[in-house]
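Visitor: Could you take me through one part of this model up close? I'd like the helical core and whatever sits around it, in one connected tour.

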Amino acid sequence: MDITINKTSDCQATLTAVVPAAEVASVKDGIVSAYVKNARIAGFRPGKAPKTVVAKRYAEAIKDEFDYSIKSDVQQKALDENPELKVLDFGTPELTEQEDGSLTLTSTLTIVPEFELPEYKGIEVTVPSTDVSDDEVQETLQKYAESSATHEVVERASADGDIVVIDFKTTVEGKPTAEYCGKSVGFLEGRDGHWVSLTEDRFIPELPAGLVGVSAGDTKDIVATMKEDFPISDLCGKEVTFSCTVKEVREKRVPEISPDLFAGALPGKSMDEIKEMVRENMKASKERSNDEAKADQISEKLADQLTFALPADLVERENENTVQRKVYAAIQAGNYEITKDMDALREEAKAETERNLRVYFALQEIARREAIDATNNEMLEAITNMAEQAREKNIKSYIRKLQRENRMTGIRLSIITSKVLDLLARNAKVTVEEK
């Protein structure tokens, strides 16, 4: 196997590999032979089916495994022959079969640009104390009790904290809202048996405010002005009238904090034991939060010391990912205005993208210096977790899918990055804030 690598820019290089026909045949034969041993084909005893039959039956899977094997062998040899080469991503290799049976592999590599790595051990970070006070424990117990509250029907006027059950319809300028908009408006078309909590409502604040002091059987019109960023553009800034009929008033009743409240989850535990368990869980949660805070601060302080240039195409590609994350987070928070000027958003996100890329390069260089890598067990654990989240039951098939999508390198680098940040956090100079 002959490999040639040519650096084309500070962050890119081209890799060309020629795999001789004999090596191609040997790899294919080894994969087919492995399939023969486990193949179950009607008309043949297990492990006795002819190679030609097995090769045809499992052609797609064999090709996937062959491609991955060749690519992996080329990548490993490229690293072995070029120890100074710092590859972050081998790209998407292309395999071309030649007339003589040999293969040519070409790929564009993303490599670490040359830069001076700052001191990365002993970075100063500040985190809050992980001590848990009695008041914090009591507050957590109270929140649990609140989540177990019931809402009982009461014969009185509604007050703050109650639930009011209503039937309602809406109109705009005297017309049913759907008719006014000329389309379905979902919730705003009206509901029967709708529960309204008489607490602050940022979505339509006039509704709970207008239902304070009502009783079962009352009717009331409540006018609400839709915000300028309301999801239904036809209603932005418009007055919507909610015509409400009150069905019930329900009072929130919070159970007493006692061992009985926790009997289902913690049977037989005393209140002192329950408090201690809550304290330990809260402490563990604070420690996890501090670990994240350390990683964030370390990344920021590294970024402040890294100023090397980045290739424009890499920044542009990664910036799209940054922008999409920002858009998704904003929409989840109810901010639909963010999509109105995508060019401005891209420009705003660019500085963050560049900082993230520089830190990423630095972390990979630290991994190289500290000989940090992802073990096979760590890879398998990560892939298994991904398969569970994707509801993929066949791990082998899922791994082949990841290989086809060229995602294995990304998983490995993600594990390495996490391990490097753990190393830096362990070696950081930590100041704990006073409570």
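**Around the helical core**

Guide: Let's start at a loop residue: setting aside neighbours within four places in sequence, Lys121 is in contact with Glu370 and Asn427. Keep in mind throughout that this is a predicted model. Lys121 belongs to the loop that runs between strand E5 (103–111) and strand E6 (124–128). Its relative accessibility is 37%, so Lys121 counts as partly exposed. For a sense of scale, take Glu256, which is 135 residues away from Lys121 along the chain: the two C-alpha atoms are separated by 50 Å.

Now for the core itself. The largest nonpolar core has 43 residues, and the ones touching the most other members are Phe115, Ile298, Phe361, Leu363, Val420 and Leu424. Two or more residues come from each of helix H7 (271–304), helix H8 (312–332), helix H9 (342–369), helix H10 (376–389), helix H11 (395–404) and helix H12 (408–426). H12 is the top contributor to this core, giving ten residues.

Pick out Ile298 and you can see who it meets. Beyond its neighbours within four places in sequence, Ile298 is in contact with Ile123, Val125, Leu424, Ala425 and Ala428. A second core of 29 residues lies apart from this one, with Met1, Ile3, Val36 and Leu105 among its members.

Next, hop to Ile372, in the loop between H9 and H10. A loop residue, then, but is Ile372 buried or exposed? With 17% relative accessibility it falls under the 20% cut-off, so Ile372 counts as buried. Leaving out neighbours within four places in sequence, its contacts are Ala367, Ile416, Lys419, Val420 and Leu423. Val420 deserves a second glance here: it sits 48 residues from Ile372 along the chain, with 7.2 Å between their C-alpha atoms. Val420 is also one of the core residues that touch the most other members.

Carry on past H10 and you get to Arg391, in the loop between H10 and H11. Its phi is near 60 degrees, which is positive even though the residue isn't glycine. Most residues other than glycine have a negative phi. Arg391 has 78% relative accessibility, so it counts as exposed. Glu173 makes a good companion to look at, with a phi near 55 degrees, again a positive value in a residue other than glycine. You'll find Glu173 in the loop between strand E8 (163–172) and strand E9 (175–176). At 62% relative accessibility, Glu173 counts as exposed too.

Back to the helices, and H11 in particular. Its buried residues are Tyr398, Leu402 and Gln403. Looking down the axis of H11, these buried residues fall within an arc of 145 degrees, so they line one face of the helix. And what covers them? H3, H10 and H12 are among the elements that cover the buried residues of H11.

That brings us to the pockets. The largest one has a volume of about 1,100 Å³. It is lined by 39 residues, and Gln75, Leu79, Phe90, Thr409 and Arg412 are the closest to its centre. Helix H3 (59–81), strand E3 (87–89), H9, H10, H11 and H12 each put at least two residues into that lining. H3 gives the most, with eight residues. By type, the lining splits into 18 nonpolar, ten polar and eleven charged residues.

The second largest pocket holds about 730 Å³ of space. Of its 26 lining residues, Glu318, Asn321, Asn356, Leu357 and Tyr360 are the closest to the centre. The elements giving two or more residues to this lining are E3, H7, H8, H9 and H12. H9 supplies the largest share, eight residues. Here the lining divides into eight nonpolar, eleven polar and seven charged residues.

If you want one element to follow back through the tour, try H12. It gives the most residues to the largest nonpolar core, it is part of what covers the buried residues of H11, it supplies at least two residues to the lining of the largest pocket, and it gives two or more to the lining of the second largest pocket.

Notes: Residues are numbered from 1 along each chain as its sequence is written. This is a predicted model: local features need pLDDT of at least 70, side-chain atom pairs count only at pLDDT 80 or more; totals for chains, interfaces and linings use all residues. Side-chain values use heavy atoms; hydrogens and water are left out. A nonpolar core is a set of buried Ala, Val, Leu, Ile, Met, Phe, Trp, Tyr and Cys residues joined through side-chain atoms within 4.5 Å. Buried means under 20% relative accessible area, exposed over 50%, partly exposed in between (1.4 Å probe, protein chains only). Helices (H or I, at least four residues) and strands (E, at least two) are DSSP runs, numbered from the N terminus. Contact means heavy atoms within 4.5 Å. On a 1 Å grid over the protein atoms alone, a cavity is a set of points where a 1.4 Å probe fits but cannot get out, and a pocket is an open set with protein on both sides within 12 Å along at least five of seven lines; lining residues have an atom within 4 Å of a point. Grid points are joined across faces, edges and corners, and a volume is the space filled by probe spheres set on the points. Ala, Val, Leu, Ile, Met, Phe, Trp, Tyr, Cys and Pro count as nonpolar, Asp, Glu, Lys and Arg as charged, and the others, Gly among them, as polar. The arc is that of the directions from the helix axis to the C-beta atoms.
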